[in-house]
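Colleague: Got a minute to walk me through this one? I'd like to start with the sheet.

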Amino acid sequence: QELEFEIFLGHVRGIIVSEQFARQGVREISDFLRRNAEIRRAAWLAVAKGEASQYMEISPELERIPTLYILSTFDQAVASGKLPNAFIGAFWSRLSSKGQDAFVPYIELAPKENIRVSGLAYFRKDKMVGKTNPLEVGYYMAIMDIGQAGYKGLITIKDETIMLEATTRNARIRSEIRNGKPHFKVKEILELNITEKNAPLWPLNRPEDIKTIEDEAGKVAKEAHEQLVKKMQEAGSDIFGFGEIIRAKHASYWNENIKTKDKWREIYPDVTVDIDVKFMIRRIG
């Protein structure tokens, strides 16, 4: 009503919605944007803690323009293996999929006018139903075989705390129909470096010491991955795309027993998932 010319939406590179808005449903705004041919599918969509408008008004020290700062944060997180590509085009694709649910980055304000990517906001249909913590983003990426890794984690062995940094991930998901229900086997291999430890009492110069760390870290990671899958099943959000695997690999079972996304949502909480995690430590220092 106030501009002489129409706004050219082809310039849009980032869209931020508040958590309150996302939990109510994004169908209307998503439908409007999706029908507009000017909207680039490589634009970012993010859910923000608090009001969305405040993220456009921050004054970060490292960047003059808030929008470019936010986009750079997403791009660097992807490049460093801490965030999967979650463009708005991928969001729409998952939203329309019969066997997968959507997710987008979840951001919040940090000190000194900065922002923090603090997890993934995951959806059931078009409504946000929860968010992960930062480490759970790494677990999701490991299960989905998104190769480059960038997260660090702590593990305590023999009263000594050790910091591990993941470098690469490899995973494979196999599916089968067991006792009339879908069953999945996830096998992961992660390569890591030991970056720090809190005391010099354990020199880590013997292969058996390294093997102990690999085994203990693998047990901790296996439990964390299983908890993430269980968390998604309880929320009814299949961000892993297990339903799409059944559609692709077991089409006759899908066509006879599932057919629709609503039916898959009924079955999804009861599917069984076995996860095997193997850690391989490559470097110390």
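Modeller: Sure. One term to begin with: strands here are runs of at least two E residues assigned by DSSP, numbered from the N terminus, and two of them count as paired if DSSP finds at least two bridges between them. Also, keep in mind that this is a predicted model.

Colleague: Okay, so which residue of β7 is the bridge partner of L154?

Modeller: That's M163. More broadly, β6 pairs with β7, residues 160-178, through six bridges in the antiparallel sense.

Colleague: And what's the strand order in the sheet?

Modeller: It goes β6-β7-β8-β9, an open sheet of four strands with mixed pairing. β6 (152-157) and β9 (272-284) each have a single partner strand, so they stand at the edges, with one side lacking a neighbour in the sheet.

Colleague: How much are neighbouring strands turned against each other?

Modeller: By 35° on average, ignoring direction.

Colleague: Which helix packs on the sheet?

Modeller: Helix α5, residues 134-143. It touches β6, β7, β8 (181-197) and β9, and its direction makes about 45° with that of β7.

Colleague: Switching topic: at what angle do α5 and α6 pack?

Modeller: About 90°, with the axes 10 Å apart; α6 covers residues 207-235. Angles from 65 to 115 degrees count as roughly perpendicular, so that's what α5 and α6 are to each other.

Colleague: Which residues make that contact?

Modeller: From α5, E136, Y139, Y140, A142 and I143; from α6, A224, H225, L228, V229 and K231.

Colleague: And how many are nonpolar, polar or charged?

Modeller: The contact of α5 with α6 has seven nonpolar residues, one polar and two charged.

Key
Residues numbered from 1 in each chain as written. Predicted model: local features only at pLDDT ≥ 70, side-chain atom pairs only at ≥ 80, totals over all residues. Heavy atoms only, no water. Axes fitted to C-alpha atoms, helices over the stretch in contact; angles between N-to-C directions. Contact = heavy atoms within 4.5 Å. Parallel < 35°, antiparallel > 145°, perpendicular 65-115°, else oblique. Nonpolar A, V, L, I, M, F, W, Y, C, P; charged D, E, K, R; others polar.
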